[in-house]
Amino acid sequence: QVLLVESGGGLVQPGGSLRLSCKASGSTYSTYALGWFRQAPGKEREFVAAINWSGHATYYADSAKGRFTCSRDNAKNMVYLELNFLKPEDTAVYYCAASRTGQAIGDIVQAPRDSLNWGQGTQVTVSA
C-alpha cells in the first residue's frame with residue numbers, strides 16, 4: 001500500500017503558476033505509475049496527468065496539455081505537477097493517485113478509480 005500526501009496548493013491569480021508535490025511512502029512506490037486528478041465543486045473527479053514508473057512517459061488531459069507538467073523523482077519518493085498559465089476553471093481540489101499494480105500510464109488513465117491509492121488532496125484556487 002502506498003500512502004500519498006499532497007502539498008503546494010493555494011490561491012493564485014489567473015495566469016499564475018503553482019507547483020504541487022506529492023510525497024509517497026511505501027517500498028514499492030518507484031515501481032508503479034502515478035497520476036493527478038482534480039475535482040471542482042459540483043463536478044466529478046477528472047483525470048489531469050499520468051506518469052509511468054520511470055518518469056520517461058507522461059500523458060495529459062486536453063485541458064492540461066501545454067500548461068501542466070508532471071514529473072517524478074523516485075529517489076525522493078516524490079511526484080510533482082507544475083501548473084502554469086492558470087485559469088479560473090482550473091480551480092479544484094487536486095489529488096495524487098498511485099496504481100496498486102501497474103507501471104504504465106494506462107494503469108492510471110484506464111484504471112477504475114477505486115483501484116487506485118489516493119492522497120487527501122490540495123486546494124488550488126485561481127482568482128483575481
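Buried means under 20% relative accessible area. The exercises below use this cut-off on a predicted model.

**Exercise 1. Burial in strand β4**

Task: How many of the six residues of β4 are buried?

Solution:
- Step 1. Find the strand. β4 spans residues 34–39.
- Step 2. Apply the cut-off. Five of the six residues of β4 are buried, so the strand is mostly covered.
- Step 3. Take one example. Phe37 has a relative accessibility of 1% and therefore counts as buried.

**Exercise 2. The partners of β4**

Task: Which strands pair with β4, and in what sense?

Solution:
- Step 1. Start with β5, residues 46–51. Five bridges join β4 and β5, and the pairing is antiparallel.
- Step 2. Look at the hairpin of β4 and β5. Six residues lie between the two strands. Gly42 takes a positive phi there, near 80°.
- Step 3. Turn to β9. β4 and β9 run antiparallel and are joined by six bridges.
- Step 4. Follow Trp36. Its bridge partner in β5 is Ala49. In β9, Trp36 stands opposite Cys96.

**Exercise 3. The cysteines**

Task: Which cysteines form a disulfide, and why does Cys70 have no such bond?

Solution:
- Step 1. Recall the chemistry. A disulfide is a covalent bond between the sulfur atoms of two cysteines.
- Step 2. Search the whole structure. One disulfide turns up.
- Step 3. Name the pair. Cys22 and Cys96 have their sulfur atoms 2.3 Å apart. The cut-off is 2.5 Å, so the pair qualifies.
- Step 4. Place the two residues. Cys22 lies in strand β3 and Cys96 in strand β9, so the disulfide ties together parts that are 74 residues apart in sequence.
- Step 5. Read the torsion. About the S-S bond it is about -85°, so the disulfide is left-handed.
- Step 6. Check burial. Cys22 and Cys96 are both buried.
- Step 7. Test Cys70. Its closest cysteine sulfur is that of Cys96, at 8.3 Å, which is too far for a bond. Cys70 is buried too, with a relative accessible area of 4%.

**Exercise 4. Aromatic pairs around Trp118**

Task: What is the geometry of the pairs that Trp118 forms with Phe37 and with Tyr95?

Solution:
- Step 1. Choose the descriptors. A pair of aromatic rings is described by the distance of the centres and the angle of the planes.
- Step 2. Count the pairs. The whole structure holds four aromatic pairs.
- Step 3. Take Phe37 and Trp118. Their centres are 4.9 Å apart, with 65° between the planes. Planes over 60 degrees apart count as edge-to-face, so this pair is edge-to-face.
- Step 4. Locate this pair. Phe37 is in β4 and Trp118 is in β10 (residues 116–118), so the contact ties together parts 81 residues apart in sequence.
- Step 5. Compare the exposure classes. Phe37 is buried. Trp118 is partly exposed, with a relative accessible area of 25%.
- Step 6. Take Tyr95 and Trp118. The centres are 6.4 Å apart and the planes stand at 90°, so this pair is edge-to-face.
- Step 7. Locate this pair. Tyr95 is in β9 (residues 92–99) and Trp118 in β10, 23 residues apart. Tyr95 is buried at 13% relative accessibility.
- Step 8. Widen the view. One aromatic cluster contains Phe37, Phe47, Tyr59, Tyr95 and Trp118.
- Step 9. Add the charge. Arg45 lies over the face of Tyr95, 3.6 Å from the ring centre. Arg45 also lies over the face of Trp118, at 4.6 Å from the ring centre.

**Exercise 5. The open sheet**

Task: In what order do the four strands of the open sheet lie, and which stand at the edges?

Solution:
- Step 1. Write the order. The sheet runs β1-β3-β8-β7, with antiparallel pairing.
- Step 2. Find the edges. β1 (3–7) and β7 (68–73) each have a single partner strand, so one side of each is left without a neighbour in the sheet.
- Step 3. Read the turn. On average, neighbouring strands are turned by 15° against each other, direction ignored.
- Step 4. Inspect one edge. β7 and β8 (residues 78–83) pair antiparallel over six bridges. Ser71 has Tyr80 as its bridge partner in β8.
- Step 5. Move to β3, residues 18–25. Ser21 belongs to this strand and is buried at 13% relative accessible area.
- Step 6. List contacts of Ser21. Among them are Val5, Ser7, Met78 and Tyr80.

Definitions and conventions
Residues are numbered from 1 along each chain as its sequence is written. This is a predicted model: local features need pLDDT of at least 70, side-chain atom pairs count only at pLDDT 80 or more; totals for chains, interfaces and linings use all residues. Side-chain values use heavy atoms; hydrogens and water are left out. Buried means under 20% relative accessible area, exposed over 50%, partly exposed in between (1.4 Å probe, protein chains only). Contact means heavy atoms within 4.5 Å. Rings of Phe, Tyr and Trp (its six-membered ring) pair if their centres lie within 6.5 Å; planes under 30 degrees apart count as stacked, over 60 as edge-to-face and the rest as tilted. A charge sits over a ring if NZ of Lys or CZ of Arg is within 6 Å of the ring centre and within 35 degrees of the ring normal. Two strands pair if DSSP finds at least two bridges between them. Axes are lines fitted to C-alpha atoms, for helices over the stretch in contact, and angles run from 0 to 180 degrees between N-to-C directions. Lists of a residue's contacts leave out its neighbours within four places in sequence.
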